[in-house]
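Colleague: I should be grateful for a close look at a single part of this model. Please explain each term as it arises, as I am in my first year.
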Amino acid sequence: METKLERIASKSRANPKLRFTSIAHLLTKDLVAKHLLKRASRSAAGTDGQTVNDCRASFDDWIGPMLESVHRKGYKAPPVRRVEIPKPGRKEKRPIGVPTVADRALQGAVAEILSAIYEQDFLANSFGGRPKSSCHHAIINIADVIQRRKINWVVECDLKNFFGSMTHEWIMQFVSHRVGDPRVLNLIQRWLRSGVVKDDVWEPSEVGTPQGGPISVLLSNIYLHYSLDLWFTKVVKPNLKGESELVRYLDDFVILFEKESDARSVLSAIDARVGKFDLALNYDKTRIIPFGRYSKEKKQAPGNFQFLGFNLHETTSRRGKFRVGLKAARDRIHRATTKLKVEIMRNRHAPIAWQIKRINQSLRGIFNYFCFSDCVRDQWRTQYAIMKTWYRALSTRSQRRLPWQKYFVILKWNPLQKTGVRIKYDAFDLYLRL
């Protein structure tokens, strides 16, 4: 299968206008099984109530009829279970779609096939939802562009309800540029129109794609590749007076400019451009800020902006040269720490070995995300705050307060996750694409 996908990728790379009319045969039992095994056992069940372990146990019973229905264009996509989670720092909630486990595995298999085609088309400034790409790639490339080029202005952009605003007509038109297999196109269309179930009530989905399915990430990248990335790179960038660069991670993106006039004209043009594809900018989160080596000298004060949970700020190196600092955003690290504190207090009566395992899992995730040298102090503060919270939790397990000496013995045998720098500055060159 890997060889076949490599062959597809090679053809796509060699001929950017090639339209693939027969790729459904790549959707095999082994490929679906591979993506089913990738699912975590604790993954949420969909509308059918089937867990990951249930689907694995009955895999041979449902995989045959599923693939047969896909090939005869008769697959009935199950509706998506809608769950609303609170948005950080805001009252409104974010709708998340939870497909059934079997449908999730099928979506992952189709996404892998389509990725072999579209990865050859996606531009270097797109980082989210792509293999061998992460938020750290995006952050490092932003910092590098600002440090090495004549960047003075940053435009922070946010799209309002992006996943819920993508029109099905544009999605199918964009996918059809490279995919001509009617079975695959029919399958994607059925996913888009499968509907959602909220409070046991089915609702039709006439616009948007549920945020949560594996295919949704790929479709969002395809949508913005044609509606934004290509437009900026081919049409806008060559006509600007100064240097510029767009960096996008899924639906979050920033644009870096040398000239203020370029920044303001492009921002107004973006509003009209995305409006053509039924999208809209969220002006509560969209702004133009002075940021860069030369803008710092003019305003005599360090600037900063947030992107993907990091605070990018103007600072200097030990040699006094300008550089972009990469600290953890205060609100993001506070939310992560608060969530862990609540879990610690809730599980304080569990065995200590079990508690430290769960605590270190969360700390490891926080430290691996905020893994730059500038984030070490944030890691220390988080570790210290969790150490005090765990002491308070263990002290409330009985009426006797836990002595600190005994707590230090517990920490000796059950140490907290160590802090550390995972991506050092001298390794940044490995992450550069722009």
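What span should the 14 residues of helix α6 (residues 135-148) have at 1.5 Å a residue, and how far apart are its end C-alpha atoms?

Modeller: This is a predicted model, in which local features need pLDDT of at least 70 and side-chain atom pairs count only at pLDDT 80 or more, while totals for chains, interfaces and linings use all residues. Residues are numbered from 1 along each chain as its sequence is written, and side-chain values use heavy atoms, with hydrogens and water left out.

Helices here are DSSP runs of H or I with at least four residues, strands are runs of E with at least two, and both are numbered from the N terminus. The expected span of a helix is 1.5 Å times one less than its number of residues. For α6 the expected span is 20 Å, and the end C-alpha atoms are 20 Å apart, which agrees.

Helix α6 is also mostly covered, since 12 of its 14 residues are buried (under 20% relative accessible area, with exposed meaning over 50% and partly exposed in between, for a 1.4 Å probe and protein chains only). Among the buried residues are C135, H136, H137 and I146. The cover over the buried residues of α6 includes the strands β6 (244-249), β7 (252-257), β9 (304-307), β10 (310-316) and β11 (322-328), together with helix α14 (352-369); contact means heavy atoms within 4.5 Å.

Helix α14 in turn packs with helix α15 (residues 376-395) at an angle of about 160°, their axes being 11 Å apart. Axes are lines fitted to C-alpha atoms, for helices over the stretch in contact, and angles run from 0 to 180 degrees between N-to-C directions. The angle makes α14 roughly antiparallel to α15 (angles over 145 degrees count as roughly antiparallel, under 35 as roughly parallel, 65 to 115 as roughly perpendicular and the rest as oblique). On the α14 side, the residues that meet α15 include I352, Q355 and I359, and their partners in α15 include Q379, I386 and W390. By class, this contact has nine nonpolar, four polar and no charged residues (Ala, Val, Leu, Ile, Met, Phe, Trp, Tyr, Cys and Pro count as nonpolar, Asp, Glu, Lys and Arg as charged, and the others, Gly among them, as polar).

In the loop between α5 and α6 lies S126. This residue S126 is buried, with a relative accessible area of 0%. Leaving aside residues up to four places away in sequence, S126 touches N221, D229, R248 and R433.
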